[in-house]
Amino acid sequence: MSRPRVVHVTSVHPAHDIRIFHKECRTLAAAGYEVILLATGDAGGDSGGAPPGGLSGRCGGRGEGGRWEDVRIRMLPRPRRRWQRMTTTLYRIYRAALEERADCYHLHDPELLPVGLLLRRRGRRVVYDVHEDVPLQVLSKHWIPPWLRPWVSRLVRRVEAFCARRLDGAVAATPAIARKCAAWGVPCMTVQNFPLPAPEPFDGTPYTARGPLVVYVGAITAERGLREMVAAMARLPESLGARLVLAGEFSPAGLAEEARAWPGWERVIHLGWQDRQQVQRLLGSARVGLALLHPEPNYVECYSTKSFEYLQAGLPVVASDFPLWRSVLGETGGAVLVDPLDPDAIARAVQHLLEHPEEARAMGEAGRRAAAERFTWEKQAEELLAFYRRLLGTGAGDSPDRRAAPGAAAGTTGAAEARMGAEAACTTGGRAGS
């Protein structure tokens, strides 16, 4: 029996995106699906294109790409301008998707919804993976005049719902997004962005022997608290010798030049983008992790994936005091929650953790235990596989086979499928595939 073919599609994210490639594509490939990833960028392996380390086995004939860990990656040219991304790139993606003749297409960006509608007109199954609440995100777009944002947000919400209702299902990254998807009347599964197992045990320098390093990993933006993090460093006593290590890229790029003029920048080390092993080594040498997203509408209802990775590494976390985060991180015993707009509060929390290493180490261990018990990709992988089995009608024992997904364990399938049924039942008039 041939394996079901699944095509994951993104026009915005890099091919090595953690959720798309490392979690979902690899989980499906390990479970026996034939998985193809359509992405834009360079096939040579830059940080915005193919996975680090390059691709093996070029897939000649239909575009640049290759294979990486059982996933075939097909790269399309990266658009130079935004209007190209919304026109020629979408057309190329549509043509490439048709050529692949997949059993299911899994879209990862809202701008791909028109492509999804065209594929549906061709009778193909299409799933929309909702990473973020885009209408709420629009309310924080500084390039849109403030008076116009509510109108644009409402328009985006209506267009997104119009398109999504005509697809075969939705995968939501958070419970809050899943509640929104329920109104679309399509089967929905919540697959949360909890971390993969660490590639190696976190056996770095013993915690209390580490230097006073504070880390932030991820996209470096104003909305993710860059100004406040740097300002907090300026407020720490010089005798602590603390340094803030940033692992990620600035967005926009011009923000880096601006930040270099801020007080406290002399205590910052910018590493740029780091791969998973490099991030792991960094976390194994640090003493505090920062996750200080601003209280933007889209952020207060989403998780900070990096917070879970800090916990997994045994680092105490200084994080934004949002109600959702308070109910999740606050219960781990591994986090200090502060006002993310208050550099003094951030500095006090960091200083306390650096000056009390035994207490901080105990917090890190509590967080590590909570991460191992509650915040793992293992259960989310089962949710994703249950969703696909229901969507494609592949029951237990059918192809694809039942090999272990990355981080997955046997024994949770029945529960995942039960949740899938329950979540689908919560939708209004949901369709079970096409």
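This short presentation covers two helix pairs, several buried residues and the cysteines of a predicted model.

Good morning. I shall begin with helix packing. Two packed helices are described by the angle between their axes and the distance between the axes.

The pair I take up here is H1, residues 18-30, and H15, residues 377-392. Their axes are 10 Å apart, and the helices pack at an angle of about 60°. That angle makes H1 oblique to H15. As for handedness, the crossing of H1 and H15 is right-handed. Which residues make the contact? From H1 come Lys23, Glu24, Thr27 and Leu28, and from H15 come Trp377, Ala381, Leu384, Leu385 and Tyr388. By character, the residues of this contact divide into six nonpolar, one polar and two charged.

Please now turn to H13, residues 343-355, and H14, residues 357-374. Here the packing angle is about 100°, and the axes are 5 Å apart. H13 and H14 are therefore roughly perpendicular to each other. On the H13 side we find His352, Leu353, Leu354 and Glu355, which meet Pro357, Glu359, Ala360 and Met363 of H14. The residues of this contact comprise five nonpolar, one polar and two charged.

I move on to individual residues, starting with Val6. Val6 has its place in strand S1, which spans residues 5-9. Is Val6 buried or exposed? Val6 is buried, because its relative accessible area is 0%, and a residue counts as buried under 20%. Setting aside residues up to four places away in sequence, Val6 touches Leu28, Tyr33, Glu34, Val35, Ile36, Cys104 and Tyr388. Two of these names have been heard already: Leu28 belongs to the H1 side of the contact between H1 and H15, and Tyr388 to the H15 side. Along the chain, Val6 and Ala29 are 23 residues apart, while their C-alpha atoms are separated by 9.2 Å.

Thr394 lies in the loop between H15 and helix H16, the latter covering residues 413-426. With a relative accessible area of 9%, Thr394 is buried. How many residues separate Thr394 and Pro4 in sequence? They are 390 residues apart, yet the distance from C-alpha to C-alpha is 9.0 Å.

Another loop residue is Arg267, located between helix H9 (255-259) and strand S11 (268-270). Arg267 has a relative accessible area of 13% and is therefore buried. Once neighbours within four places in sequence are left aside, Arg267 is in contact with Met233, Ala234, Leu236, Pro237, Glu238, Ala242, Arg243 and Leu244. For one of these partners, Ala242, the separation from Arg267 is 25 residues in sequence and 7.1 Å in space, taken from C-alpha to C-alpha.

Within helix H11, residues 305-312, we find Ser307. Its relative accessible area is 1%, so Ser307 is buried. Beyond its neighbours within four places in sequence, Ser307 is in contact with Ala291, Val317 and Leu329.

Finally, the cysteines. A disulfide is a covalent bond between the sulfur atoms of two cysteines. How many disulfides does a search of the whole structure find? The search finds zero. Cys163, at 5% relative accessibility, counts as buried. Cys302 likewise counts as buried, at 14% relative accessibility.

To close, I return to the helices: H1 is oblique to H15, whereas H13 and H14 are roughly perpendicular to each other. Thank you for your attention.

Technical notes:
Residues are numbered from 1 along each chain as its sequence is written. This is a predicted model: local features need pLDDT of at least 70, side-chain atom pairs count only at pLDDT 80 or more; totals for chains, interfaces and linings use all residues. Side-chain values use heavy atoms; hydrogens and water are left out. Axes are lines fitted to C-alpha atoms, for helices over the stretch in contact, and angles run from 0 to 180 degrees between N-to-C directions. Helices (H or I, at least four residues) and strands (E, at least two) are DSSP runs, numbered from the N terminus. Angles under 35 degrees count as roughly parallel, over 145 as roughly antiparallel, 65 to 115 as roughly perpendicular and the rest as oblique. A crossing is left-handed if the near helix is turned anticlockwise from the far one by less than a right angle, and right-handed if clockwise. Contact means heavy atoms within 4.5 Å. Ala, Val, Leu, Ile, Met, Phe, Trp, Tyr, Cys and Pro count as nonpolar, Asp, Glu, Lys and Arg as charged, and the others, Gly among them, as polar. A disulfide is a pair of cysteine sulfur atoms within 2.5 Å. Buried means under 20% relative accessible area, exposed over 50%, partly exposed in between (1.4 Å probe, protein chains only).
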